[in-house]
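Biologist: Thanks for sitting down with me. Could we walk through the empty spaces and the packing in this one together?

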Amino acid sequence: MCGIVGIVAGRDVAPLLLESLKRLEYRGYDSAGMAVLRNGAIERVRAEGKIVRLEERLAQTQLPGHTGIAHTRWATHGRPSERNAHPIMTSRVALVHNGIIENFAELQAEQGSVAYESDTDTESVAQLLTQYLEQGKSIEEAMPLVMDRIRGAFALAILIAGRPDILVAARRGSPLAIGYGEGEMYVGSDALALVPFTNRLCYLEEDDWVILHRDRAEIYNQGRLVNREIVYSMLSGAITGKDGYRHFMMKEIAEQSVVLGDALASAIDPASRQVALPGLDIDWKNIPRISMIGCGTAYLAGAVAKYWFERLASLPVDTEIASEYRYRQGPVDPQALAIVISQSGETIDSLAALRYARGKGQRIVGLLNNPESTIARESDAVLPVHAGPEIGVASTKAFTAQLLALLILAIQAGRARGTINAATETALVSALIEVPAQIAALVQRREEFATLAHALRDSQHALYLGRGLSYPLALEGALKLKELSYIHAEGYPAGEMKHGPIALIDETMPVIVLAPEDEWLEKTLANIQEVRARSGRAICFTSAQGARRLGDGVEHIVMPDVHPWVSPLLYAVPIQLVAYEAAVARGTDVDQPRNLAKSVTVE
Ligand code: F6R
């Protein structure tokens with residue numbers, strides 16, 4: 001989603017801003033722009049589409065200047081176009097914004113005859129600040145007034161005409177970090193954008209606004225100068241490459257065996273085959289239930305984990321879609337543990353749900369891939385999933401890393417609560433140890449999934465079915481297929497098919513069934529026969545033994561044998577490969593599917 005960056009330096013900043021923008025590219029966007037102060041006057045270049053288009057424009061129109069801001073925009077108000085790309089400019093300021101200004105219409109109405117140059121909510125802030133500056137107010141006077149007047153979520157970076165020595169920034173709701181360099185200062189949406197220049201960062205807090213000079217940051221909150229702690233980022237300044245893969249997504253699918261192997265090594269004792277998770281102090285015996293909170297794929301990881309915690313630890317789990325949780329205002333048990341799952345750690349819905357859960361007295365564990373994120377900073381404890389940078393917009397390795405962390409946690413909870421014995425724990429850990437090699441072997445069989453995906457490429461719709469642990473995985477399969485290939489797909493519990501979706505079954509409707517060797521297999525096989533009986537096209541992922549029981553005419557892919565309670569870690573991989581290959585076959589933008597963002601920082 002929108003990414004912002006700003007630099008005040010003693011050298012030309014356009015190349016630095018461009019480098020930083022490229023590091024924000026993974027968040028997803030539809031246009032990009034940059035502005036600098038040249039001899040006190042604001043100059044700007046914008047382009048619809050990818051950053052490379054902006055780069056082409058910059059090659060034609062140089063932007064010399066020592067102070068500048070830049071932006072990748074993900075449209076909220078106003079369609080993606082050069083006209084609506086940021087920076088938004090007035091006679092006095094240029095401004096980039098991440099978030100949504102909720103009262104933009106009210107502000108615009110108050111501004112009367114002022115002519116807007118764009119259709120964005122952002123412009124209401126630029127015009128408001130301009131108004132105050134034109135009334136003769138200083139920046140120190142104008143910014144608090146602006147902060148008072150605007151509602152919603154925002155991270156802002158602002159250039160002021162005639163003031164090439166400073167940059168102004170502000171935040172509420174959306175994250176913003178300040179970078180401290182040698183004689184230059186930076187501001188950016190996340191640490192990744194800043195670490196090529198400096199590892200000394202400070203994360204602004206709610207309602208902070210700041211004046212950046214080349215050698216210092218003056219941070220204000222509620223009319224007072226405040227100090228914010230400077231921390232050292234551990235992130236690497238190196239750009240993550242594709243390592244010879246055509247897409248980040250395929251690289252990240254292939255990386256899963258290594259990611260899970262490394263994560264396992266730090267979570268189990270291979271000799272005793274017991275879980276040994278260091279550093280998480282959870283009083284499992286006295287927790288009455290868990291609220292498992294997330295969005296999209298992260299939510300679905302929690303939905304799989306519900307089965308694990310309920311069966312292995314006898315702990316009830318409420319799975320909560322973050323954007324619904326706080327608005328539903330249902331009864332919340334303050335003794336319950338809230339587990340907030342997020343790859344980015346910046347998803348605004350998940351963050352808002354975290355704050356809601358905290359407000360209700362719940363203890364928060366953040367299950368995160370980015371331990372330097374806002375959700376990490378606001379959690380009571382963080383369980384990092386160690387998937388490494390995930391650049392492809394569709395979550396793959398972060399999902400399986402989340403699953404692994406959650407299963408380990410459920411085993412730990414089960415042991416603490418006395419609901420699983422040592423033999424069960426050993427069996428589960430032994431099965432987990434096999435998973436990295438099994439995933440590597442599955443990725444080697446990529447061609448089989450490509451063939452299957454090719455056969456799906458002309459489908460308009462598809463169904464994913466599964467029972468038990470495979471039901472949330474079926475939802476994930478459908479989500480992956482639709483977001484990547486734009487084939488409309490639905491996930492269903494296999495037993496629910498006969499209560500409605502069966503009406504859709506005909507020879508044109510592929511039905512992909514996840515049927516590992518588990519306690520639900522018998523019933524799932526019966527559901528496959530129901531599809532077959534209606535001339536439906538069933539495609540089944542199952543074990544060798546399951547495949548023998550499928551009967552004639554059911555397409556299938558034989559999966560490695562796996563412990564039933566560990567199966568989601570393995571069955572996640574074919575659904576990723578099918579979605580990936582279908583997207584490649586249909587020629588969609590695999591790493592940045594249309595309209596999607598990696599870091600979803602608006603509600
Ligand atoms: C789908 C996908 C999204 C994210 C969701 C939450 O492939 O990646 O559904 O899972 O936007 O994002 P995080 O995990 O960053 O909170």
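Modeller: Happy to, and please keep in mind that this is a predicted model. The largest cavity holds about 70 Å³ of space.

Biologist: Which residues are the closest to the centre of the largest cavity?

Modeller: The lining of the largest cavity has 13 residues. By class, they divide into six nonpolar, three polar and four charged. The closest to the cavity's centre are Asp190, Ala191, Tyr203, Glu346 and Glu372.

Biologist: How much space lies in the second largest cavity?

Modeller: The structure holds two cavities of 30 Å³ or more. The second largest is lined by Cys2, Arg73, Trp74, Thr76, His86, His97, Gly99, Asp121 and Thr122. Two of its lining residues are nonpolar, five polar and two charged. The space in the second largest cavity is about 50 Å³.

Biologist: Now Thr120, please: is Thr120 buried or exposed?

Modeller: Thr120 sits in the loop between α3 (104-110) and α4 (122-134). Leaving out residues up to four places away in sequence, Thr120 touches Arg73, His77, Asn84, His86 and Ile88. Its relative accessibility is 3%, and the cut-off for the buried class is under 20%, so Thr120 counts as buried.

Biologist: With which side chain does the side chain of Thr120 make a polar contact?

Modeller: For this pair, the distance is 2.8 Å. That falls within the 3.5 Å cut-off for a polar contact. The partner is the side chain of Ser118.

Biologist: Which helix gives the largest share of the largest nonpolar core?

Modeller: That core has 97 residues, and those with the most contacts inside it are Trp284, Trp308, Phe309, Leu406 and Phe541. In soluble globular proteins, nonpolar side chains tend to be buried together. The largest share of this core, 13 residues, comes from helix α13 (residues 397-417).

Biologist: And how many residues are in the other core that lies apart from it?

Modeller: Among the members of that separate core are Val5, Leu58, Leu201 and Tyr203. Its residue count is 29.

Biologist: Let's finish with the open spaces. Which element gives the most to the lining of the largest pocket?

Modeller: The largest pocket has a volume of about 650 Å³. Of its 30 lining residues, the closest to the centre are Cys295, Gly296, Thr297, Ala597 and Val600. The elements giving two or more residues to this lining are α9 (296-312), β20 (337-342), α11 (348-359) and α16 (470-485). With five residues, the one that gives the most is α9.

Conventions. Residues numbered from 1 in each chain as written. Predicted model: local features only at pLDDT ≥ 70, side-chain atom pairs only at ≥ 80, totals over all residues. Heavy atoms only, no water. Helix = DSSP H or I, 4+ residues; strand = E, 2+ residues; numbered from the N terminus. Buried < 20%, exposed > 50% of the residue type's maximum accessible area, 1.4 Å probe, protein only. Polar contact = N/O pair within 3.5 Å; in protein donor to acceptor, adjacent residues only side chain to side chain. Contact = heavy atoms within 4.5 Å. Core = buried A, V, L, I, M, F, W, Y, C linked by side-chain atoms within 4.5 Å. 1 Å grid on protein atoms, 1.4 Å probe; cavity = no way out; pocket = protein on both sides within 12 Å on 5 of 7 lines; lining within 4 Å. Points joined across faces, edges and corners; volume = space filled by probe spheres on them. Nonpolar A, V, L, I, M, F, W, Y, C, P; charged D, E, K, R; others polar.
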